[in-house]
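Here are my notes on the model you sent over. Have it open while you read, and work through the points in whatever order suits you.

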Amino acid sequence: MDITAFLSADKSIVLAPAGYGKTYTIAEVLAAYQGSKKILVLTHTHAGIASLKEKFDQKQIPSSLYVLETICSFALNLTKTYHVAKEEIPPESDVNSLFKYSIEHAATILKANPIKHLIESQYDHLIVDEYQDCSVAQHQMILELSSSVKTHLLGDPLQGIFGFRDESIVDFDDESFNPFKTNCQSLDTPWRWINAGNALLGEDLASIRERLLAGLDIDIRNYSAVDVIIGNKNDYAIPGTAYKRAIYGELINDAILIHPNNTSVNLRKNFVKQFNQLQIIESIDDRDYYKWCHMFDQHSGMQLIKDVADLLRDVGSKTIVNTLIKEDGTFKNKQKQEDRVIIQSLVPYTISLINNKTYKSIVQLIEMIKTLLNVTIYRKEFYRDICQILYEADTLGLTSSESLLRNRNLLRRKGRKVIKKSIGTTLLTKGLEFDHVVVLNAQDYKDPRHLYVALTRSCKKLVVITDNPILHPYPNN
């Protein structure tokens, strides 16, 4: 790519498939940059921030050269700082309303001349990654920014998977893109797979891409670089099935599993119950975080004890918790001596919490029940997050809800790297790459963009599990 032409234009755009080097190109641009101001880099996800930061670090690009944020966090910070009627800003527990409000009002704030001058004084360039995921409102905000600073977009229409409820996704054919297309470049080499030593997989995925763009069915057996396992979607829980053997085999290689359902964490939790080395990739703005923190703030007495038990039922083995604790939070009358010993060990912690509620005492009871009952935790990241949030609330003198907002804001800025042997979704793995990927229940993908994102996360080995090798990832036809 011609980096000089990319940077010198007031508006420019790069369109390229997954794995062809868009993220690497951003790092190349920053490495070549010689200006005195910073470059503002915006993307959509916290995993995307971590991926960009990793590539920046590999090229030893100093953090003083750039500001890296999600589009939503940039808009939120702008709105919180400059919006006059701050009482109108939705609460951070209502994430969807908050970000929608922030995006809309940030676009208005950016029209003000003092803000334009501020942007001009801070940044030479704006680079926006994964542009196909922008809503129309986000696009309007970026257009306002582009009137103050040179703006450069990177994207791929076939990866536009982020829906915005009642909002439309940006259309690259809209006339507002014409100034960017005047300086349009493409990337034509599938570096992700060439660099991983599996150029054939890159070629197969390019072929699949062409069929998806044409609205054609995909016979996944036609692609020799893809390992195909035929199995019913319920076979993962049945010992000895090809489905289950395939997952066990790939977990030895630290594979990432991608589930087609983006809405229910319980479906992923069921996989962790079968494969306990797995960890669920959590959405950092999952409503469960806000729900539990709100309950820990509002409740006291026996209701708080019940909350602790219910939390462990939710994130771990409900059966194990139920062996000693009733639904109302009280202990069962057990006959076995070992059960009585455990209950006697827990009683002082429950009495302490009832008589003197602190966030430290809440997390201590959580951890004691987990340890003494040997509760298996299925949502490991969520469990760790909640315990950390409660400890920090106690240390910093905050409510748990305030501690949660502080914790999430820190995570938004630094990003989050996905660990190996995890199970996620297309929304949670978008923009990332892994050596080994297992795409689960491929027949359930009903959107070509989601299927394409899932298939292109793998660098070295791609395993597709499906009950039908003929994939038809198109809705309503």
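How many bridges join E1 to strand E6 (residues 184–186), and in which sense do the two run, parallel or antiparallel? Three bridges join them, and the strands run parallel.

Before the points, some housekeeping. This is a predicted model, with local features needing pLDDT of at least 70, side-chain atom pairs counting only at pLDDT 80 or more, and totals for chains, interfaces and linings using all residues. Residues are numbered from 1 along each chain as its sequence is written, and side-chain values use heavy atoms, with hydrogens and water left out.

1. **E1 and its partners.** Helices (H or I, at least four residues) and strands (E, at least two) are DSSP runs, numbered from the N terminus. Two strands pair if DSSP finds at least two bridges between them. Besides E6, strand E1 (residues 11–15) pairs with E5, in the parallel sense and over five bridges. Lysine 11 stands opposite threonine 151 in E5, while leucine 15 has serine 186 of E6 as its bridge partner.

2. **Leucine 15.** This residue of strand E1 has a relative accessible area of 25%, which makes it partly exposed. For the cut-offs, buried means under 20% relative accessible area, exposed over 50%, and partly exposed in between (1.4 Å probe, protein chains only). Contact means heavy atoms within 4.5 Å. Not counting residues up to four places away in sequence, leucine 15 touches Gly155, Phe172, Cys184, Gln185, Ser186 and Leu187. Its C-alpha atom is separated by 9.7 Å from that of aspartate 188, 173 residues apart along the chain.

3. **The six-stranded sheet.** Here the order is E8-E13-E12-E9-E11-E10, in an open sheet with parallel pairing. Strand E8 (226–230) and E10 stand at the edges with a single partner strand each, so one side of each has no neighbour in the sheet. E8 pairs with E13 over five bridges, in the parallel sense, and one bridge puts aspartate 227 with valine 463 in E13.

4. **E12, inside that sheet.** Five of the six residues of E12 are buried, so the strand is largely enclosed by the rest of the structure. Five bridges join E12 to E13, with histidine 436 and lysine 461 of E13 as bridge partners. Three bridges join E12 to strand E9 (residues 256–259), again running parallel. There, isoleucine 258 stands opposite valine 439 in E12.

5. **Two helices with buried residues.** In H2, the buried residues are Lys22, Thr23, Thr25, Ile26, Ala27, Val29 and Leu30. They pack against helix H1 (3–8), strand E2 (38–43), H3, strand E3 (66–70), strand E4 (123–128) and strand E5 (150–155). As for helix H7 (residues 136–146), eight of its 11 residues are buried, so the rest of the structure largely encloses it. Among them are Gln138, His139 and Glu144.

6. **The second largest pocket.** About 1100 Å³ of space lies in it. A pocket here, on a 1 Å grid over the protein atoms alone, is an open set of points where a 1.4 Å probe fits, with protein on both sides within 12 Å along at least five of seven lines; lining residues have an atom within 4 Å of a point. Grid points are joined across faces, edges and corners, and the volume is the space filled by probe spheres set on the points. Of the 43 lining residues, Ser51, Lys55, Arg192, Glu433 and Cys459 lie nearest the centre of the pocket. H3 gives the most to the lining, with six residues.

7. **Aspartate 285.** Look in the loop between strand E10 (279–280) and helix H13 (287–298). Is aspartate 285 buried or exposed? At 15% relative accessibility, it counts as buried. Its side chain makes a polar contact (a pair of N or O atoms within 3.5 Å, one able to donate a hydrogen and the other to accept it; residues adjacent in sequence count only if both atoms are side-chain atoms). The partner is the side chain of tyrosine 290, at 3.3 Å.

8. **Serine 317.** This one is in the loop between helix H14 (301–315) and helix H15 (318–322). Serine 317 is buried, with a relative accessible area of 8%. Leaving aside neighbours within four places in sequence, serine 317 is in contact with Leu312, Val375, Thr376 and Tyr378.
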